[in-house]
Amino acid sequence: MYKTAMLAKDMVAASAKPLLLSILAEGESYGYEIIQKVREVSGGEIEWSDGMLYPVLHRLERDGLIDAEWKEADTGRQRKYYFISDAGRKVLKAERQQWLTVHNTLGKLWKLKPVSI
Amino acid sequence: MADRSQHPGKIMETQTRFDLTAAIENWRQELAAQPDLTPEVRRELETHLRDTVAELQQRGLNKEESFWLARRRVGQPKQLCEEFAKADPTKIWRERMLWSLVGAFGVQLWLETSTFVWEFSIQAIMVMPSTIERLLPDWVLFYLPLPTLGGGFYRTFHNPLVSMFFSLVPMILTVILLSRGRMTRIASATRFLFESRRRFLFVSAALFSFYLLYLCFRLIRYSTMAATVPGNPPLTEMVQRFIAGLVLPITLLGLIAWLMPKGKSPNQRRA
């Protein structure tokens, strides 16, 4: 079910949470838009399938990291919008730190420029 | 050129007369047939499908093409259901509970029958010498350390402590294999049992009937040999014990069948 051009299955699973929280930290969104956003930002390298996205979204909602609400979109159709909660922001901050640690460690080994935490 | 490119699309649409609303309605019903998808999830997936269809139509695909492509992108209802089931947090506990019940069932049957198995194998070994004595010449027998009734062999092995150790061997072996990381191969070999509910129930019913036979055998032996001995409990009490011995395995089997993953889904197995 995972349609990935570059990313291995484990990486997709591990990065789904910080990616979703980061997207929702910028503002509320819904499933279809999130997938498009991920595709756009990654330059098409990360391609999420719908079957994978919704279970993850619902898990984050259950864990209280994001909230959801049915709202009417501009098209007149009802859509389920997701937005980040305070707990979600805290988790995102911690995740960010961890990912940057990994990034900087690999970066040193690969002689890349470090990113400030 | 423009004429040619428009033509095939036109023909297709008039030929099939594709009804988008009906197609989406069909898809909804297919989704509704999946047990693990709540109405809210289905509604959300439907908006997703409609969004995808709209986008594809905007890109120039006709109604039918955009529906089928959108449907493919959203995923087969059955696969969607599996993905949702995988993300279900109670699933992991259901699985743990299932395995501990299976373990309890196995341990119960084994503990009940192992003493008998042990006694039976000792009897078999005790019978062996007389057979060998008949077959081999005396000068060979002289050098063979054969067990004799009442001898060291019988006294060593016909012993509650030793038979207790014997009944613990499978559990100790399992733990040793687990700690050495050799269990996965055995576990994957037994996994085929759990792939379909019917297969599992068949195997456990077979195990259970062996157990039942064993209990009957014990009861009959008791009624003919031990029940009349003064001081032994009366037969009625043994019958009560017999029934009590059945309650636990039957309950365990029922619970296991209840907890077992519904249906068989070869896609769900991870390669």
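Buried, as the word is used in these legends, means under 20% relative accessible area. The structure shown is a predicted model.

**Figure 1. Helix α3 of chain A and its buried residues.** Helix α3(A), which runs over residues 50–62, has 13 residues and reaches 19 Å from its first C-alpha to its last, a span close to the 18 Å expected at 1.5 Å a residue. Because ten of the 13 residues of α3(A) are buried, the helix is largely enclosed by the rest of the structure. At the start of the helix, the buried residues include Asp50(A), Gly51(A), Met52(A), Leu53(A) and Tyr54(A), and Pro55(A), Val56(A), Leu57(A), His58(A) and Leu60(A) are also among them. The helix is followed by Gly64(A), a residue whose phi is positive, near 80°.

**Figure 2. The β1–β2 hairpin of chain A.** Strand β1(A), residues 66–72, and strand β2(A), residues 78–84, pair in the antiparallel sense, with seven bridges between them. Within this pairing, Ala68(A) has Tyr82(A) in β2(A) as its bridge partner. Five residues lie between the two strands of the hairpin, and in this turn Gly76(A) has a positive phi of about 95°. In a regular strand the side chains alternate between the two faces of the sheet.

**Figure 3. A salt bridge between helices α1 and α4 of chain A.** Lys17(A) forms a salt bridge with Glu95(A), and the closest N and O atoms of the pair are 3.9 Å apart. The pair links distant parts of the chain, since Lys17(A) belongs to helix α1(A), residues 9–25, and Glu95(A) belongs to helix α4(A), residues 86–109, with 78 residues separating the two in sequence. Lys17(A) has a relative accessibility of 25% and therefore counts as partly exposed, whereas Glu95(A), at 15% relative accessibility, counts as buried.

**Figure 4. The salt bridge of Arg39 and Glu47 in chain A.** The side chains of Arg39(A) and Glu47(A) meet in a salt bridge, with a distance of 3.1 Å from N to O. Arg39(A) counts as partly exposed because its relative accessibility is 23%, and Glu47(A), with a relative accessible area of 25%, is likewise partly exposed. Side chains of opposite charge can pair when their charged atoms come close. Over all chains, the structure holds 13 salt bridges.

**Figure 5. Salt bridges of chain B, in helix α12 and in a network.** Glu237(B) forms a salt bridge with Arg241(B), in which the closest N and O atoms are 3.1 Å apart. Both residues lie in helix α12(B), residues 235–259, and because they are four residues apart they are separated by about one helical turn. Glu237(B) counts as partly exposed, at 32% relative accessibility. Elsewhere in the view, Glu25(B), Arg28(B), Glu46(B) and Arg50(B) are joined into one network by salt bridges that share partners.

**Figure 6. The helices and surface of chain B.** Chain B has twelve helices and zero strands, so that, read along the sequence, its pattern consists of α elements throughout, α-α-α-α-α-α-α-α-α-α-α-α. Of the 271 residues in chain B, 28% are buried. Among contacts in this chain between residues at least 6 apart in sequence, 68% join residues that are at least 24 apart. The accessible surface of chain B comes to about 18,700 Å², and 64% of that surface belongs to carbon and sulfur atoms.

Note on methods:
Residues numbered from 1 in each chain as written. Chains lettered and ligands numbered in written order. Predicted model: local features only at pLDDT ≥ 70, side-chain atom pairs only at ≥ 80, totals over all residues. Heavy atoms only, no water. Pairing = 2+ DSSP bridges. Salt bridge = Lys/Arg side-chain N within 4 Å of Asp/Glu carboxyl O. Buried < 20%, exposed > 50% of the residue type's maximum accessible area, 1.4 Å probe, protein only. Contact = heavy atoms within 4.5 Å. Areas by Shrake-Rupley, 256 points an atom, 1.4 Å probe, with all protein chains shown as cover. Expected span 1.5 Å × (residues − 1).
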